[in-house]
Amino acid sequence: MQTIDVGLIGLGTVGTGVVHILQQQAELIAQRLGARLRLAKVATRHPQRERAVRLPADLMTADALTVIR
């Protein structure tokens, strides 16, 4: 199955909700889309801050242009 990388800019209320959906509904999304979505990079002003979601440190950046590239 194909994998599509997803970049996220912002990890506030909406961004956190998107991450929750991508994590909790991964199988359903893959079935409906015909491809897996993989969170590739997340930009936020304060990458080290405690969050309501757990993400690997290497996914986090303070530079939004890194996500775009």
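**Stop 1: the sheet**

Start with the three strands, which form an open sheet in the order β1-β2-β3, with parallel pairing. This is a predicted model. Select β1 and β3 (60-61) next. They stand at the edges, each with a single partner strand, so one side of each has no neighbour in the sheet. What holds strands together in general? Strands of a sheet pair through backbone hydrogen bonds, either parallel or antiparallel.

Now look at the pairing between β1 and β2. How many bridges join β1 to β2? Eight bridges join these parallel strands. To find one place along this pairing, select Q2, which stands opposite A35 in β2.

Move across to the other pairing. β2 and β3 also run parallel, and two bridges join them. Two pairs of residues are worth selecting here. V42 stands opposite M60 in β3. A43 stands opposite T61, again in β3.

**Stop 2: the helices on the sheet**

Select α1 (13-24). This helix lies across β1 and β2 and runs at about 160° to β1. Then select α2, residues 26-33. Helix α2 packs on the sheet as well, where it touches β1 and β2. Its direction makes about 125° with that of β2.

**Stop 3: the nonpolar core**

Which residues make up the largest nonpolar core? Select L8, L11, V19, L22, L39, V42, V53 and M60: eight residues in all. The elements that give two or more residues to this core are α1 and β2. V42 and M60 have already appeared on this tour, as residues that stand opposite each other in the sheet.

Keep L8 selected and show what surrounds it. Leaving aside neighbours within four places in sequence, L8 is in contact with G15, V18, V19, L39, K41, V42, A43 and V67. Among these contacts, V19, L39 and V42 also belong to the core.

**Stop 4: two salt bridges**

The salt-bridge count for this model is two. Select R38 and D5 for one of them. Their side chains meet with 2.8 Å from N to O. This pair links distant parts of the chain: R38 sits in strand β2 (residues 35-43) and D5 in strand β1 (residues 2-9), 33 residues apart. Buried or exposed, or in between: where does each partner fall? R38 is partly exposed, with a relative accessible area of 41%. D5 is partly exposed too, at 46%.

Now select E27 and R36. These two form a salt bridge, and their closest N and O atoms are 3.1 Å apart. E27 is partly exposed, with a relative accessible area of 47%. R36 is also partly exposed, with a value of 36%.

**Stop 5: the loop between β2 and β3**

Select T44. Its place is in the loop between β2 and β3. Is T44 buried or exposed? At 10% relative accessibility, T44 counts as buried, because the cut-off for buried is under 20%. The side chains of T44 and R51 are joined by a polar contact of 3.0 Å. Not counting residues up to four places away in sequence, T44 touches L11, R51, M60, T61 and A62. Two of these contacts, L11 and M60, are members of the largest nonpolar core.

Stay in this loop and select H46, which is also found between β2 and β3. H46 is partly exposed, with a relative accessible area of 40%. Draw a distance from H46 back to E27, the salt-bridge residue from the previous stop. The C-alpha atoms of H46 and E27 are separated by 30 Å, and the two residues are 19 apart along the chain.

**Stop 6: the loop before α3**

Finish at D63. Where is D63? Its place is in the loop between β3 and α3 (64-68). D63 counts as partly exposed, at 34% relative accessibility. Show its contacts next. Leaving out residues up to four places away in sequence, D63 touches A43 and R69. A43 is the residue that stands opposite T61 in β3.

For a last distance, select D63 together with D5. These residues lie 58 apart along the chain, and 17 Å separates their C-alpha atoms. D5 is the partner of R38 in the salt bridge visited at stop 4.

Methods
Residues are numbered from 1 along each chain as its sequence is written. This is a predicted model: local features need pLDDT of at least 70, side-chain atom pairs count only at pLDDT 80 or more; totals for chains, interfaces and linings use all residues. Side-chain values use heavy atoms; hydrogens and water are left out. A salt bridge is a side-chain nitrogen of Lys or Arg within 4 Å of a carboxyl oxygen of Asp or Glu. Helices (H or I, at least four residues) and strands (E, at least two) are DSSP runs, numbered from the N terminus. Buried means under 20% relative accessible area, exposed over 50%, partly exposed in between (1.4 Å probe, protein chains only). A nonpolar core is a set of buried Ala, Val, Leu, Ile, Met, Phe, Trp, Tyr and Cys residues joined through side-chain atoms within 4.5 Å. Contact means heavy atoms within 4.5 Å. Two strands pair if DSSP finds at least two bridges between them. Axes are lines fitted to C-alpha atoms, for helices over the stretch in contact, and angles run from 0 to 180 degrees between N-to-C directions. A polar contact is a pair of N or O atoms within 3.5 Å; within protein, one must be able to donate a hydrogen and the other to accept it, and residues adjacent in sequence count only if both atoms are side-chain atoms.
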